[in-house]
Amino acid sequence: MQWVFLCGAVICEVIGTIFLRLASAGKNAYYAAVAVAYVIAFTFLTLTLNQGLGLGVAYGIWAAAGVALTAIASKI
């Protein structure tokens with residue numbers, strides 16, 4: 001289950017980052033979506049850690065996958 005939570009954290013972080021880019025382009029209504037997505041991402045990350053995955057492993061995967069997927073999503 002820890003991997004499911006970690007995948008959810010990565011996906012929510014990418015969604016939040018995409019909304020942050022939209023919000024910074026002048027669409028202020030997206031700031032609420034940014035906040036919600038990041039709160040959900042950190043909640044999933046907390047659940048991942050509570051399931052027993054090590055902090056270094058969880059954060060490393062979360063950060064690297066988030067950067068990679070955000071870079072891919074920005075090219076689309």
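Which residues in H1 meet which residues in H3? The tour below works towards that contact in a predicted model, starting from the whole chain.

**The whole chain**

Display the protein chain as a cartoon. It has 3 helices and 0 strands, and reading along the sequence gives the pattern α-α-α. The C-alpha trace spans about 40 × 25 × 15 Å along its principal axes. Colour the 76 residues of the protein chain by burial: 28% of them are buried. Among contacts between residues at least 6 apart in sequence, 66% join residues at least 24 apart.

**Helices H1 and H3**

Select residues 2-24, which form helix H1, together with H3; the two pack at an angle of about 40°, and their axes are 9 Å apart. That angle makes H1 oblique to H3. The crossing in which H1 passes H3 is right-handed.

Now show side chains to settle the opening question. On the H1 side, select Trp3, Leu6, Ala9, Val10, Glu13, Val14, Thr17, Ile18 and Arg21. The residues they meet in H3 are Ala58, Ile61, Trp62, Ala65, Gly66, Leu69, Thr70, Ala73 and Ser74. Coloured by class, this contact of H1 with H3 shows 12 nonpolar, 4 polar and 2 charged residues.

**Helices H1 and H2**

Keep H1 in view and add H2. The angle between H1 and H2 is about 160°, with their axes 8 Å apart. H1 and H2 are therefore roughly antiparallel to each other. Their crossing is left-handed. By class, the contact of H1 with H2 comprises 18 nonpolar, 6 polar and 1 charged residues.

**Helices H2 and H3**

Hide H1 and select residues 31-50 for helix H2 and residues 55-75 for helix H3. The axes of H2 and H3 come within 10 Å and cross at roughly 145°. H2 passes H3 in a right-handed crossing. From H2, select Phe42, Leu45, Thr48 and Leu49; in H3 they meet Leu55, Ala58 and Trp62. This contact of H2 with H3 has 6 nonpolar, 1 polar and no charged residues.

**Thr48**

Restore the whole chain and centre the view on Thr48, which lies in helix H2. Is Thr48 buried or exposed? Thr48 has a relative accessible area of 0%, and is therefore buried. Leaving out residues up to four places away in sequence, Thr48 touches Gln2, Phe5, Leu6, Leu53 and Ala58.

**The nonpolar core**

In soluble globular proteins, nonpolar side chains tend to be buried together. To see the largest nonpolar core here, select its 8 residues: Leu6, Ala9, Val10, Val14, Leu45, Leu53, Ala58 and Trp62. H1 and H3 are the elements that give two or more residues to this core. The largest share, 4 residues, comes from H1.

**Trp62**

Finish by centring on Trp62, a member of that core. Which residues is Trp62 in contact with, leaving aside its neighbours within four places in sequence? The contacts of Trp62 are Leu6, Ala9, Val10, Glu13, Phe42 and Leu45. Leu6, Ala9, Val10 and Leu45 are also listed in the core. Trp62 also returns the viewer to two earlier stops: Trp62 is one of the H3 residues in the contact with H1, and is one of those in the contact with H2.

Definitions and conventions: Residues numbered from 1 in each chain as written. Predicted model: local features only at pLDDT ≥ 70, side-chain atom pairs only at ≥ 80, totals over all residues. Heavy atoms only, no water. Axes fitted to C-alpha atoms, helices over the stretch in contact; angles between N-to-C directions. Left-handed = near helix turned anticlockwise from the far one by under 90°. Contact = heavy atoms within 4.5 Å. Nonpolar A, V, L, I, M, F, W, Y, C, P; charged D, E, K, R; others polar. Parallel < 35°, antiparallel > 145°, perpendicular 65-115°, else oblique. Core = buried A, V, L, I, M, F, W, Y, C linked by side-chain atoms within 4.5 Å. Buried < 20%, exposed > 50% of the residue type's maximum accessible area, 1.4 Å probe, protein only.
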